[in-house]
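Please load the model in a viewer and keep the selection panel at hand. The stops below proceed from the whole chain to individual residues.

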Amino acid sequence: MSDLTQQQRDSYREQGFLGPLTLMSVAEMEALRPELAAVLDSPGRAPAPAAEQVEGRLANLVAGRGGASPVPYIESRHLDSPAVHRLITHPALLAAARALYGEDLLVWRSTFIAKASGGPEFQWHQDWGGVYAPGEEYGLEPPLHFTFWIAVSDVTEDSGCLRFVPGTRAVLPARPSGPGRRATLLVPPEHVDESRAVSLPLRPGQCAVFTDRALHASGVNTSGAERLALAVRMTVPAVKVRPHFPGHACTLVSGQDRAGLNRLAEPPR
Ligand SMILES: O=C(O)CCC(=O)C(=O)O
């Protein structure tokens, strides 16, 4: 994949998401898998959150860790793992990101999302505002971010692929999924026209890119195998990012940081 076509760029602006985009072959991603599995077996820099913060989305991500917080294992591993850093700076990903947002680009977060066999659905939501508690500021000023969601395993209808309602650009009403301070904000069914929803299955090594207002969900994993993805959260240097754990820093992945608003991380060795 090189730069995107004008039609792909227009479609992204119109629909709020684009994919599948192919970063590498299935064989190449499968060859990377043992290295990524080793990363997921050891903790990185992000500390486990306080108990009252392990709600909603995070609770869904507790897969096979005996109830221990998954956060140190899945959160922003590009800060300590060269293999994950190579993924977030993959030339094809960056070419697509530049075609959509210009030369200067930051990764402010990445998260491995392991949906275990039998793992639950993610209900309809927008990433806009969903990272922090209702009433709390978003953490990005101004609030602009977009996600490259990379399939590490096969991501099929059965394993709970992403689904989108195309063309959602408005910020929709949302309710917290539960009582926790950091519960995911979910869009209630009356604001979701499921009849228009489209599924986006991905082969290992493919990705989708979506905006922070893209209305998306994913189904229960009935495939019998773990569904593994890496969600790469990006923005531009003109956005001030609130550090979300001690030692957090942004990573400049393309161009220059002419704004100087954020602490920048060196690539891991
Ligand atoms: O991995 C999933 O099933 C949902 C992911 C998602 O909602 C996101 O990355 O914003």
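This tour visits a predicted model, beginning with the overall fold.

**Whole chain.** Display the protein chain as a cartoon; six helices and 14 strands should appear. Of its 269 residues, 42% count as buried. Consider next the contacts with a separation of 6 or more: 84% of them join residues 24 or more positions apart.

**The six-stranded sheet.** Select β1, β10, β5, β12, β2 and β14, which in this order form an open sheet with antiparallel pairing. The edges are held by β1 (17–22) and β14 (251–254); each has a single partner strand, so one side of each is left without a neighbour in the sheet. On average, and with direction ignored, neighbouring strands of this sheet are turned by 30° against each other.

**Inside the sheet.** Restrict the selection to β12 (227–235). How many of the nine residues of β12 are buried? Eight of them are, which leaves this strand mostly covered. On the side of β2, nine bridges join the two strands in the antiparallel sense, and T111 has A231 of β12 as its bridge partner. On the side of β5, six bridges link β5 to β12, again in antiparallel fashion, and M234 in β12 stands opposite F146. Moving on to β10 (residues 206–211), one finds five bridges in its antiparallel pairing with β5; here V209 of β10 is the bridge partner of F148.

**A helix across the sheet.** Add α6 (residues 91–101) to the view. Helix α6 lies across β1, β2, β5, β10, β12 and β14, and runs at about 85° to β14.

**The nonpolar core.** Colour the nonpolar residues next. In soluble globular proteins, nonpolar side chains tend to be buried together. The largest nonpolar core of this model comprises 59 residues, and those with the most contacts inside it are F148, I150, C207, A208, V209 and A229. Strand β2 gives the most to this core, with seven residues. Centre the view on A208: neighbours within four places in sequence aside, A208 is in contact with F17, L18, G19, P20, W149, L162, L200 and L202.

**The ligand.** Which residues surround the ligand? Select I113, K115, F122, D127, T147, W149, G160, H216, S218, A229 and A231 to show them. Two or more of these residues come from each of β2 (105–115), β5 (146–151), β11 (215–218) and β12 (227–235). Coloured by class, the shell shows five nonpolar, four polar and two charged residues. Two members of this shell have already appeared on the tour: A229 is among the core residues with the most contacts, and W149 is one of the residues in contact with A208.

**The loop at H191.** Go to the loop between β8 (185–186) and β9 (198–200), where H191 is placed. Why does H191 count as partly exposed? H191 has 14 C-beta neighbours inside 10 Å, and a residue is called partly exposed because its count lies between the limits of 12 or fewer for exposed and 20 or more for buried. Residues up to four places away in sequence aside, H191 touches L172 and P173. A distance from H191 to A174, taken C-alpha to C-alpha, gives 9.1 Å across 17 residues of sequence.

**Helix α1.** Finish with α1 (residues 6–15). This helix is hardly covered, with one buried residue among its ten. Just after α1, select G16, which takes a positive phi of about 95°.

Definitions and conventions. Residues are numbered from 1 along each chain as its sequence is written. This is a predicted model: local features need pLDDT of at least 70, side-chain atom pairs count only at pLDDT 80 or more; totals for chains, interfaces and linings use all residues. A residue is near a molecule or strand if its C-beta atom, placed from the backbone, lies within 6 Å of it. Helices (H or I, at least four residues) and strands (E, at least two) are DSSP runs, numbered from the N terminus. Ala, Val, Leu, Ile, Met, Phe, Trp, Tyr, Cys and Pro count as nonpolar, Asp, Glu, Lys and Arg as charged, and the others, Gly among them, as polar. Two residues are in contact if their C-beta atoms, placed from the backbone, lie within 7 Å. A nonpolar core is a set of buried Ala, Val, Leu, Ile, Met, Phe, Trp, Tyr and Cys residues joined through C-beta atoms within 7 Å. Two strands pair if DSSP finds at least two bridges between them. Axes are lines fitted to C-alpha atoms, for helices over the stretch in contact, and angles run from 0 to 180 degrees between N-to-C directions.
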